[in-house]
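Visitor: I'd like a close look at one part only: any empty space sealed inside this protein. Take your time, and tell me what you find there.

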Amino acid sequence: MIEPLLSVLADGKFHSGQALGEALGVSRSAIWKQIKAIEESGIEVFSVKGRGYRIPGGLDLLDQAMIEAMLTPSVRPHLQHIDSSLIIPSTNAKAMEAVYRDGHGSLYLAERQTAGRGRRGRDWASPFASNIYFSLTWQFNHGAAALEGLSLAVGVALIRGLKRMGVDEVAVKWPNDLLWRGRKLAGVLLEMSGDAAGECYVVIGVGLNVNMPEIAAEMIDQPWVDLRQVLGEAPSRNELMAALLNELVPVLQQFADEGFAAFQQEWQAVNAHHNQVVNLNLGNRQALGVCRGVDKNGALLLEEEGQLQAYHGGEVSVRLA
Ligand code: BTN
């Protein structure tokens, strides 16, 4: 259990081994072992003889009570179960495992993911206490086909939440990559469980780069950006979490009632490739055309030789031709 020790060291100040031991009710050697465990989890700890231990720069840890206090009164009751972890393989994996136990409206947060999942089998860089990683379980009743535009609606909700935090110029690359000036800021991974023709649960996984350490950035194989670069300093992750949830929950409710059509115009307004020539990688073939936005189901519309073609499915990639 390194959580209590991390909470004390989060202030970035020096704490002696003895003071830490007294505060946490354990021996100095137990503190030393926990310091090693913290270092192994990827967090730098300064250790200075005679002064003790300190985490340079401190840590902005997620605080469930603080997040809950910032949720709007109409949103809070819809989050029926909140689970926040320090280090787990993946919040999506945890949500998928617990989907029938915890059910609708369950939120999973983590400070670090050791096997963060991206789309198309990619990894998602998830260093400790640096970014946002969460998954939300939501139940829908009209089958998988009605959910085609869900990931696009989630993108719209995230952009609304970011705007509330003063983050402008965020665009979306079909279906749901959030870009800032062409660099990836956030990604959404939806996973589904249940009856494809009726009641099913969707796990909505969101990864948002807030304050990416250089060492973690080395594994990212595409142009990326974080909010520290966008805003000049990293915003509070607790405020961000609440701002995103305050937009996401109402969007999910409206999506369940009205489908993607309710968000089509808003999605088009933030389409990163509107009226640009794009290349679609469909796995077995490529398509080249002018991006004309999305239809009311969220399918991508490409104009190819004067004809509009709709492209469905999650495995399509878009990039500038
Ligand atoms: C993408 O490739 O763009 C999607 C990235 C999704 C990452 C998030 S982080 C929280 C949740 N848990 C995961 O393992 N993946 C998603």
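Guide: First, what counts: a cavity is a set of grid points, laid over the protein atoms alone, where a 1.4 Å probe fits but cannot get out. Count by that rule, keep what has 30 Å³ or more, and you end up with one cavity. Bear in mind that this is a predicted model.

So how much space is in there, and what lines it? The largest cavity holds about 160 Å³. Its lining takes 18 residues, and R117, L189, G205, V206 and G207 are the ones nearest the centre. In terms of elements, α5, β5, β8 and β9 each put at least two residues into that lining, with β8 giving the most, four. Sort the lining by class and you get six nonpolar, nine polar and three charged residues.

Now for the occupant: the ligand sits in this largest cavity. Two or more residues of the shell around the ligand come from each of α5 (91–102), β5 (132–140), β8 (183–194) and β9 (200–208). Strand β8 has the largest share of that shell, at four residues. In total, 20 residues surround the ligand, and S90, Q113, R117, R119 and K184 come closest. R117, then, turns up both among the residues closest to the ligand and among those nearest the cavity centre. By class the shell splits into ten polar, six nonpolar and four charged residues.

If you care about individual atom pairs, start with K184: one of its polar side-chain atoms is 2.6 Å from an oxygen atom of the ligand. Q113 also uses a polar side-chain atom, this one 2.9 Å from a ligand nitrogen. N92 works through its backbone instead, with an N or O atom 3.4 Å from a nitrogen atom of the ligand. As for cover, the ligand on its own would expose 420 Å², and the protein buries 98% of that.

Don't mix this up with the largest pocket, which is an open set of points by definition. That pocket contains about 690 Å³ of space. Its lining runs to 32 residues, with G42, P127, F128, S130 and P213 nearest the centre. Among the elements there, β4 (106–113) and α7 (214–217) each supply at least two residues. The class split for the pocket lining is 17 nonpolar, ten polar and five charged.

While you're zoomed in, check two bits of backbone geometry. Most residues other than glycine have a negative phi, and most peptide bonds are trans. R120, in the loop between β4 and β5, has a positive phi near 50 degrees and isn't a glycine. Over in the loop between β6 (170–173) and β7 (177–180) you'll find P175, and the peptide bond leading into P175 from W174 is cis, its omega near 0 degrees.

Key:
Residues are numbered from 1 along each chain as its sequence is written. This is a predicted model: local features need pLDDT of at least 70, side-chain atom pairs count only at pLDDT 80 or more; totals for chains, interfaces and linings use all residues. Side-chain values use heavy atoms; hydrogens and water are left out. A residue is near a molecule or strand if one of its heavy atoms lies within 4 Å of it. A polar contact is a pair of N or O atoms within 3.5 Å; within protein, one must be able to donate a hydrogen and the other to accept it, and residues adjacent in sequence count only if both atoms are side-chain atoms. Accessible areas come from the Shrake-Rupley method with a 1.4 Å probe; for residues, only the protein chains shown count as cover. On a 1 Å grid over the protein atoms alone, a cavity is a set of points where a 1.4 Å probe fits but cannot get out, and a pocket is an open set with protein on both sides within 12 Å along at least five of seven lines; lining residues have an atom within 4 Å of a point. A molecule sits in a cavity or pocket if more than half of its atoms lie within 2 Å of its grid points. Ala, Val, Leu, Ile, Met, Phe, Trp, Tyr, Cys and Pro count as nonpolar, Asp, Glu, Lys and Arg as charged, and the others, Gly among them, as polar. Grid points are joined across faces, edges and corners, and a volume is the space filled by probe spheres set on the points.
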